[in-house]
Amino acid sequence: MATAPTTAGTPGHAAIECISMNEVYEAASTIRDVVRRTPLLPNEPLSELCGVRVWFKPENLQRGGAFKLRGAYNYMAHLPGAKRTRGVIAPSSGNHAQAVALSAQLFKVPATVVMPETVTPAKRAGAERLGARVELAGTTTKHRLDRALEIAERDGLTLIPPYDDLTIIAGQGTVGLEIAEDLDSLGTVLVPVGGGGLSAGVAAAIKQLRPKVKVIGVEPEGAPKLARALLAGEPVTLDGTSSIADGLLAVRIGTINLAHHQAFVDEVVGISDSAIKDAMRFLLDRAKLVVEPSGAITVAALMTGAAPLKKDTVAILSGGNIEWAGLKALLGDE
C-alpha cells in the first residue's frame, strides 16, 4: 500500500512532513533479518476487567530487551559505509543505548553511548555487555545530548538520534505495521510516550493503514511533555521530570515527533507511579512477563480505566530491561 506523506504544523510554524507507509515498509524490509517479529498475546484477565479483548505486543521480548533496535538498526543501515566504520555514538537513558550497541556489534563498528548518572544497573550492564563504551553525563536528555555532541565532534563519530528523526520513527513504526497486519479486529492501540519516537511511528502506521483505529499515547504524570506540547501547539521544555518510568523522562517531545502526534494520535493520558507498579505486578503474576516501568505504563492505563477503549485493544509493552534488584526495590514489601 503506497501512501503520500502527511504534513502537520501549527500557525506560525512550518509544516513538517510525516513518514509515509512506503518508509515504514522499507524499514520493515531493512530490519527483517535482524529484529524479532514479536507476537500479539491475548490476556484474558485484563480482557475481563476492561470489557474488551486485550492483547499485549511484548517488545520486552525483542533483541536488546526493547523496541529500540528497530529504529537504531534502520538508521545505521542507511549510513554511508565510511561514516559508519568510523564509529557511532548515542545519548540514551538506557534502551536506545543497548539498541545502538547491538546494531554496532552487528555491523562490526565501534559504539559509544552517553547515559545518565542515574542509569539503572541493568541498562548500563546491557550496553557494556554488547560492546559499547559507556560515558555518564548528568541526569537529563540535554546533558546526554550535549556530551554526545562534544564526543562526536572530537572523535569523528556519527550520532544516532534517539527519537527526533524520520528514519528512527520509520523503524519504530514497524511495531504499528505488525499490529495492523496481525489483528483484523483492532480498535485501540495504547503506546508509551517518551521522546516520541515509538508513539509517532506506531500512530503514523496505524492511522495510515486503519484510519478508524484509536491511538492513545500514555506518559507518566510526572513527565507530561506530550500533553503540554499539544496544549501549546509546539514542543515545551519541562523544568524537570520524575517517575519510576525512567525511559519516558524526556523533558521535551521531539519536534518531528510532535508533528506526528498532532496528525495521528487521538489523545494522551497521564499515569501515576503507583498504577505503574500495580501493572508490573499484574504482568508478572497474570501474564508471566517481566516488564520495566516504561513498558508497563500502557497496562496501567487499562487497569485504571484512564484510556477509553474501542473493541479489541493492543497495549504495547515497550521494554523489559530491569534487573532482579530493581524489581525487588520497586515491587518488594514497602
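Here a colleague asks a modeller how the words used for this predicted model are justified.

Colleague: Let's start with empty space. How many cavities of 30 Å³ or more does a search of the whole structure find?

Modeller: One. The largest cavity has a volume of about 30 Å³.

Colleague: What makes that space a cavity, and what makes another space a pocket?

Modeller: A 1.4 Å probe fits in a cavity but cannot get out, whereas a pocket is an open set of points. Rolling a probe the size of a water molecule over the atoms shows where empty space is left.

Colleague: Which residues line the largest cavity?

Modeller: The lining consists of Arg-63, Gly-64, Ala-66, Lys-68, Leu-69, Asn-95, Gln-98, Ala-99 and Leu-102. By class, four are nonpolar, three polar and two charged. Helix H5, residues 95–107, gives the largest share of this lining, four residues.

Colleague: How do you know that the length of H5 agrees with what a helix should span?

Modeller: The expected span is 1.5 Å times one less than the number of residues. For the 13 residues of H5 that gives 18 Å, and the end C-alpha atoms are 18 Å apart, so the two agree.

Colleague: Why is H5 called largely enclosed?

Modeller: Buried means under 20% relative accessible area. Ten of the 13 residues of H5 are buried, so the rest of the structure largely encloses this helix. The buried ones are Asn-95, His-96, Ala-97, Gln-98, Ala-99, Val-100, Ala-101, Leu-102, Ser-103 and Ala-104.

Colleague: What do the buried residues of H5 pack against?

Modeller: They pack against two helices, H3 (69–77) and H6 (121–129), and two strands, E5 (88–91) and E6 (111–115).

Colleague: Why is H3 described as largely enclosed too?

Modeller: Eight of its nine residues are buried, so the rest of the structure largely encloses H3. The buried residues of H3 are Leu-69, Arg-70, Gly-71, Ala-72, Tyr-73, Asn-74, Tyr-75 and Met-76. Leu-69 is also one of the residues lining the largest cavity.

Colleague: What follows H5?

Modeller: Lys-108 does, and its phi is positive, near 60°. This lysine sits in the loop between H5 and E6.

Colleague: What makes that phi worth pointing out?

Modeller: Most residues other than glycine have a negative phi. Lys-108 is a residue other than glycine, yet its phi is positive. Lys-288 also has a positive phi, of about 60°, although it is not a glycine. Its place is the loop between H12 and H13.

Colleague: Are those two lysines buried or exposed?

Modeller: The cut-off for exposed is over 50%. Lys-108 has 75% relative accessibility, so it counts as exposed. Lys-288, with a relative accessible area of 66%, is exposed as well.

Colleague: And Glu-292, is that buried or exposed?

Modeller: Its relative accessibility is 1%, and because buried means under 20%, Glu-292 counts as buried. Glu-292 lies in the loop between helix H12 (273–286) and helix H13 (293–304).

Colleague: How do you know that the side chains of Glu-292 and Lys-123 make a polar contact?

Modeller: A polar contact needs a pair of N or O atoms within 3.5 Å, one able to donate a hydrogen and the other to accept it. The polar contact joining these two side chains is 2.7 Å. Leaving aside residues up to four places away in sequence, Glu-292 touches Asn-95, Lys-123, Asp-246, Met-280, Gly-319, Gly-320, Asn-321 and Ile-322.

Colleague: Now the pockets. How much space lies in the largest pocket?

Modeller: About 950 Å³. Its lining has 48 residues, and Thr-141, Arg-144, Tyr-163, Leu-249 and Ala-250 lie nearest the centre. By class there are 16 nonpolar, 24 polar and eight charged residues.

Colleague: Which helices each supply at least two residues of that lining?

Modeller: H5, helix H7 (141–155) and helix H9 (197–209). The largest share, four residues, comes from H7.

Colleague: What lines the second largest pocket?

Modeller: Tyr-25, Ala-28, Ile-31, Arg-32, Val-35, Arg-37, Arg-70, Thr-174, Leu-177, Glu-178 and Glu-181 do. About 200 Å³ of space lies in this pocket. Its lining has five nonpolar, one polar and five charged residues. Helix H8 (166–182) and helix H1 (21–31) each supply at least two of them, and H8 gives the most, with four residues.

How values were computed. Residues are numbered from 1 along each chain as its sequence is written. This is a predicted model: local features need pLDDT of at least 70, side-chain atom pairs count only at pLDDT 80 or more; totals for chains, interfaces and linings use all residues. Side-chain values use heavy atoms; hydrogens and water are left out. On a 1 Å grid over the protein atoms alone, a cavity is a set of points where a 1.4 Å probe fits but cannot get out, and a pocket is an open set with protein on both sides within 12 Å along at least five of seven lines; lining residues have an atom within 4 Å of a point. Grid points are joined across faces, edges and corners, and a volume is the space filled by probe spheres set on the points. Ala, Val, Leu, Ile, Met, Phe, Trp, Tyr, Cys and Pro count as nonpolar, Asp, Glu, Lys and Arg as charged, and the others, Gly among them, as polar. Buried means under 20% relative accessible area, exposed over 50%, partly exposed in between (1.4 Å probe, protein chains only). Contact means heavy atoms within 4.5 Å.
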